[in-house]
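This briefing is addressed to a first-year student who wishes to read a protein fold from its helices, its sheet and its backbone. Please consult the structure while working through the points below.

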Amino acid sequence: MSDRRTTELVVLDQIEPCPYLPERMARMPLRTAVGQRDPVATDVYLQCGYRRAGEFVYQTECPSCQACEAIRIPVTGFRWSESFRRILRRGDRRYRQHVGPLVASSERVALFNRHRGQRGLQRNDSEIDLEDYHWGFVRSCFRSFELAWYGEDQLVALAICDQGHKALSAVYTFYDPDLRGDSLGTFAILKQLQLCAERQLDWLYLGYYVAECPHMNYKIRFLDHERLIDGQWRRFGPDDIAWPPS
């Protein structure tokens with residue numbers, strides 16, 4: 001694929017504590033584009049390992065660590081295990097799905113903070129507010145939307161997605177931490193894979209896989225998948241993966 005990325009300006013570039021691994025430092029420069037990012041350009045950013053944060057894109061450029069590996073699932077190569085099918089059937093019975101534009105609301109902010117707090121994902125015990133949510137998720141440089149799931153009229157899970165020409169990026173997913181038994185995180189990924197198939201997309205990007213981070217290493221359960229290692233996408237199947245991770 002040719003490089004269709006637009007001209008970029010670096011707006012923030014500094015060394016900071018790693019959000020994934022304790023006692024390590026990270027460098028993830030935030031970049032903004034000059035000009036419109038079309039769907040083909042979105043695919044190229046994803047293929048090069050970029051992620052989105054608000055209206056900016058970034059990729060890891062850490063000085064002494066290469067633990068983060070961009071990970072993606074080939075839609076036609078995904079293996080639907082019986083466990084995955086069971087999670088999907090149960091979720092479809094219990095929850096109603098809504099696809100719509102990105103929205104900032106007190107309900108979404110409250111669910112986001114509950115999810116992040118109870119799963120130990122908060123940094124410095126801080127919660128976000130409505131403005132933080134708007135700037136971090138709703139303001140986007142790509143074509144973005146949300147998948148929301150409701151139990152009766154209660155929001156129980158939400159996935160923020162970016163769509164390119166042939167790829168979908170799972171930007172962030174959060175859910176009611178009191179419903180762990182329903183495997184809502186896995187359910188949300190499976191529903192995004194279904195959506196990719198419906199829209200005839202080739203790839204679902206899951207962000208970064210970090211082997212030593214328990215909040216990030218679950219992604220290797222989704223097979224087959226590919227990870228960006230030393231600038232090349234490498235395919236992993238059942239024979240290449242030991243689960244659970246040691």
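## Helices, sheet and backbone

The axes of helix α3 (residues 106-118) and helix α4 (residues 130-138) cross at roughly 85° and come within 9 Å of each other. The model discussed here is predicted. Its eight-stranded open sheet has mixed pairing, and a helix, α1 (residues 39-47), lies across several of the strands.

**Helix pair α3 and α4**

- The two helices α3 and α4 are roughly perpendicular to each other, because angles of 65 to 115 degrees are counted in that class.
- On the α3 side, the residues that take part in the contact are Ser-106, Arg-108, Val-109 and Phe-112.
- On the α4 side, they meet Leu-130, Tyr-133 and Phe-137.

**Helix pair α2 and α5**

- Helix α2 (residues 82-94) contains 13 residues and spans 18 Å from its first C-alpha to its last, close to the 18 Å expected at 1.5 Å a residue.
- Buried residues in α2 are Phe-84, Ile-87, Leu-88, Arg-90 and Gly-91.
- These residues cover an arc of only 165° around the axis, which places them on the same side of α2.
- The helix against which the buried residues of α2 pack is α5 (184-198).
- The axes of α2 and α5 are 9 Å apart, and the helices pack at an angle of about 90°.
- That angle makes α2 roughly perpendicular to α5.
- From α2, the residues in contact are Phe-84, Ile-87, Leu-88, Gly-91 and Asp-92; from α5, they are Thr-186, Phe-187, Leu-190, Lys-191 and Gln-194.

**The sheet and its edges**

- Strands of a sheet pair through backbone hydrogen bonds, either parallel or antiparallel.
- Across this open sheet, the eight strands follow the order β8-β9-β10-β11-β12-β7-β13-β14.
- The edges are formed by β8 (96-100) and β14 (232-236), each of which pairs on one side only.
- Neighbouring strands of the sheet are turned by 30° against each other on average, direction ignored.
- Edge strand β8 pairs with β9 (residues 143-151) in the antiparallel sense over five bridges, and Gly-100 has Glu-146 of β9 as its bridge partner.
- At the other edge, β13 and β14 are also joined in the antiparallel sense over five bridges, with His-225 opposite Phe-236 in β14.
- Helix α1 lies across β7 (69-74), β9, β10 (154-163), β11 (167-175), β12 (203-209), β13 (225-229) and β14. Its direction is at about 70° to β11.

**Strand β7 within the sheet**

- Is β7 buried or exposed? Six of its six residues are buried, so β7 is largely enclosed by the rest of the structure.
- In a regular strand, side chains alternate between the two faces of the sheet.
- One side of β7 carries the buried residues Glu-69, Ile-71 and Ile-73, while the other carries the buried residues Ala-70, Arg-72 and Pro-74. Both faces of the strand are therefore covered, since buried means under 20% relative accessible area.
- With β12, strand β7 forms an antiparallel pairing over five bridges; Glu-69 has Tyr-209 of β12 as its bridge partner.
- With β13, strand β7 runs antiparallel and is joined by two bridges; Arg-72 stands opposite Glu-226 in β13.

**Backbone exceptions**

- Most residues other than glycine have a negative phi, and most peptide bonds are trans.
- Which peptide bond is cis? The bond between Leu-223 and Asp-224 is cis, with omega about -10°. Asp-224 is situated in the loop between β12 and β13.
- Glu-23 is not a glycine, yet its phi is positive at about 65°. Glu-23 lies in the loop between β2 (15-17) and β3 (25-27) and is exposed, with a relative accessible area of 85%.
- Asp-230, likewise a residue other than glycine, has a positive phi near 55°. Asp-230 belongs to the hairpin of β13 and β14, which has two residues between the strands, and is exposed, with a relative accessible area of 76%.

Key
Residues are numbered from 1 along each chain as its sequence is written. This is a predicted model: local features need pLDDT of at least 70, side-chain atom pairs count only at pLDDT 80 or more; totals for chains, interfaces and linings use all residues. Side-chain values use heavy atoms; hydrogens and water are left out. Two strands pair if DSSP finds at least two bridges between them. Helices (H or I, at least four residues) and strands (E, at least two) are DSSP runs, numbered from the N terminus. Axes are lines fitted to C-alpha atoms, for helices over the stretch in contact, and angles run from 0 to 180 degrees between N-to-C directions. Contact means heavy atoms within 4.5 Å. Buried means under 20% relative accessible area, exposed over 50%, partly exposed in between (1.4 Å probe, protein chains only). The expected span of a helix is 1.5 Å times one less than its number of residues. The arc is that of the directions from the helix axis to the C-beta atoms. Angles under 35 degrees count as roughly parallel, over 145 as roughly antiparallel, 65 to 115 as roughly perpendicular and the rest as oblique.
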